[in-house]
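Subject: Structure handover

Hello,

I am passing on the structure below for you to look through. My notes on the strands and the cysteines follow it.

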Amino acid sequence: APAYEEVDFFSEGMCAVYGENGWGYINKEGKLVIPHLYEGADIFMGGLALVTNGNEKCGCIDKEGKIVIPFEYESYMTSNTDKNVICMMNENDETWTILDKQGNIVTNNLDYSDIEGFFEGMAVVDNNKKDGCINSEGKLVIPIEYDDMRHFSEGYIATGKGKRYGYIDKNNKTVIPFEYDSSSNFSDRLAPVNYTGRTSYFINK
């Protein structure tokens, strides 16, 4: 098997590899199926991979190397569990565009300082150091009024208000009071929290 200068990990049967001054992709048989054409290459999710060309513009390709989303964006969201949508930063004005996996624009000109990955159909957005959430259609569904937010897991999101953390649901309803020093995401109905700066433990839903 050929040796590569750098390798990523396999996702959906494909692995990004660096060689010949660029990134390409191999399959599980070790065959180079997408040539070393790219300055940057992310993992495949939902049949598409986010890649960067020589002009440092971002787009998306499919597993055959076909360009699905053109190279006309400045950057993109890297953490994303919602395999139906992709969020890209526009080239000129640093607003954001949400596209579906066929390359169709769902909505554009979203004016946020940052958009994080979509989890359970929701993404945290930031403006002026305050956080809120949009849905996969780009609609603001949780107001930008919180000081910190993790991401949605099992229907709840760990959220900071002042120096206290709690949990809200997708309707912006407080489901666990803001009484912790820190809180994190739920997994298997449990979430780690910190209380009084000294004690860390798990809470359930």
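Strands β13 (residues 122-127) and β14 (residues 130-135) are paired through six bridges, in the antiparallel sense. One position to look at is A123, which has I134 of β14 opposite. Please note that this is a predicted model.

Both strands belong to an open sheet of four strands, ordered β12-β13-β14-β15, with antiparallel pairing. At its edges lie β12 (114-119) and β15 (140-146), each of which pairs on one side only. From one strand to the next, the twist averages 20°. As background, strands of a sheet pair through backbone hydrogen bonds, either parallel or antiparallel.

Now the cysteines. A disulfide is a covalent bond between the sulfur atoms of two cysteines. With a cut-off of 2.5 Å between the sulfur atoms, the count of disulfides is zero. For C15, the nearest cysteine sulfur belongs to C60 and is 18 Å away, and C15 is in no disulfide. C15 has a relative accessible area of 4%, so this residue is classed as buried, the limit being under 20%.

C133 is in no disulfide either: the nearest cysteine sulfur, that of C87, is 13 Å away. Is C133 buried or exposed? C133 is buried, because its relative accessibility is 1%. By its number, C133 falls within β14, the strand that spans residues 130-135.

Regards

Note on methods
Residues numbered from 1 in each chain as written. Predicted model: local features only at pLDDT ≥ 70, side-chain atom pairs only at ≥ 80, totals over all residues. Heavy atoms only, no water. Buried < 20%, exposed > 50% of the residue type's maximum accessible area, 1.4 Å probe, protein only. Pairing = 2+ DSSP bridges. Helix = DSSP H or I, 4+ residues; strand = E, 2+ residues; numbered from the N terminus. Axes fitted to C-alpha atoms, helices over the stretch in contact; angles between N-to-C directions.
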